[in-house]
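Here are a few exercises to work through at your own pace. Have the model open beside you and try each task before reading its solution.

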Amino acid sequence: MKNARQTAILSIIEQNDIETQEELAGKLRDMGIVVTQATVSRDIKELRLLKVLSGSGGYKYATADKAEHGLSERFVRMFKDSVLSVSSAGNIVVLKTLSGSANVAGEAIDSMRLPEILGTMAGDNTVFAVVQNEAEAVETVKRFQEMLK
């Protein structure tokens, strides 16, 4: 019963913007699943659902991977808005940014969790991203340049 209920919850939040536990409980009842608000609350905790910003400006429940995808899109926008150019020197990718925006670009790169990037260091208008070797640096530059388009 619990597994079926939690599967139904995941399906509901995937298909609808659910803002409150009461709204979620109502949708479950519409499906013939008898629940209390306390049960829904426990299920939300067990499923590790998060409240994320919806397209309409309100908040809705989402799974952690969906929330992370939203953050990822935001970081790509931040990257595009702050980076002016990308090049490489050896195994270091060098990104030039708007003045004062290097930390934003560095955070965006770090949040992308790209496996080829060993680490980043940001100044005021420059970010260094270290990769294993020169070949990876060239590929990373291409990847970043594609993101800027």
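**Exercise 1. Contacts of one core residue**

Leaving aside its neighbours within four places in sequence, which residues is L95 in contact with?

*Solution.* Before starting, note that this is a predicted model, where local features need pLDDT of at least 70, side-chain atom pairs count only at pLDDT 80 or more, and totals for chains, interfaces and linings use all residues. Residues are numbered from 1 along each chain as its sequence is written, and side-chain values use heavy atoms, with hydrogens and water left out.

Step 1. Contact means heavy atoms within 4.5 Å.

Step 2. With the neighbours within four places set aside, L95 touches F79, V83, S85, V86, I109, N125, T126, V127 and F144.

**Exercise 2. The core around these residues**

Find which members of the largest nonpolar core touch the most other members, and which elements supply the core.

*Solution.* Step 1. A nonpolar core is a set of buried Ala, Val, Leu, Ile, Met, Phe, Trp, Tyr and Cys residues joined through side-chain atoms within 4.5 Å. Buried means under 20% relative accessible area, exposed over 50%, and partly exposed in between (1.4 Å probe, protein chains only).

Step 2. The largest core has 20 residues, and F79, V86, V93, L95, I109, I117 and F144 touch the most other members.

Step 3. Two or more residues each come from α4 (64-82), β3 (83-89), β4 (92-97), α5 (102-112), β6 (126-131) and α6. These names follow DSSP runs numbered from the N terminus: helices are H or I of at least four residues, strands E of at least two.

Step 4. The biggest contribution to this core is that of α5, with 5 residues.

Step 5. Another core lies apart from it and has 14 residues, among them I9, I18, I33 and V40. As background, nonpolar side chains in soluble globular proteins tend to be buried together.

**Exercise 3. The two faces of α6**

Describe α6 from its length to its buried and exposed residues.

*Solution.* Step 1. Helix α6 covers residues 134-148, 15 in number, and reaches 21 Å from its first C-alpha to its last, close to the 21 Å expected at 1.5 Å a residue. The expected span is 1.5 Å times one less than the number of residues.

Step 2. A137, T140, V141, F144 and M147 are buried in α6. Seen down the axis, the buried residues of α6 fall within an arc of 120° (taken from the directions from the helix axis to the C-beta atoms), so they line one face of the helix.

Step 3. On the face turned away from that buried side, α6 carries the exposed residues A135 and E146.

**Exercise 4. Salt bridges**

How many salt bridges does the structure hold, and where do R143 and E116 lie?

*Solution.* Step 1. A salt bridge is a side-chain nitrogen of Lys or Arg within 4 Å of a carboxyl oxygen of Asp or Glu. The structure holds 6 of them.

Step 2. R143 and E116 form one, at 2.7 Å from N to O. This pair links distant parts of the chain, 27 residues apart: R143 is in helix α6, and E116 is in the loop between α5 and β5 (117-122).

Step 3. R143 counts as partly exposed because its relative accessibility is 40%; at 15%, E116 counts as buried.

Step 4. For a pair inside one helix, take E139 and K142, which meet at 3.6 Å, N to O. Both lie in α6, 3 residues apart, about one turn of the helix.
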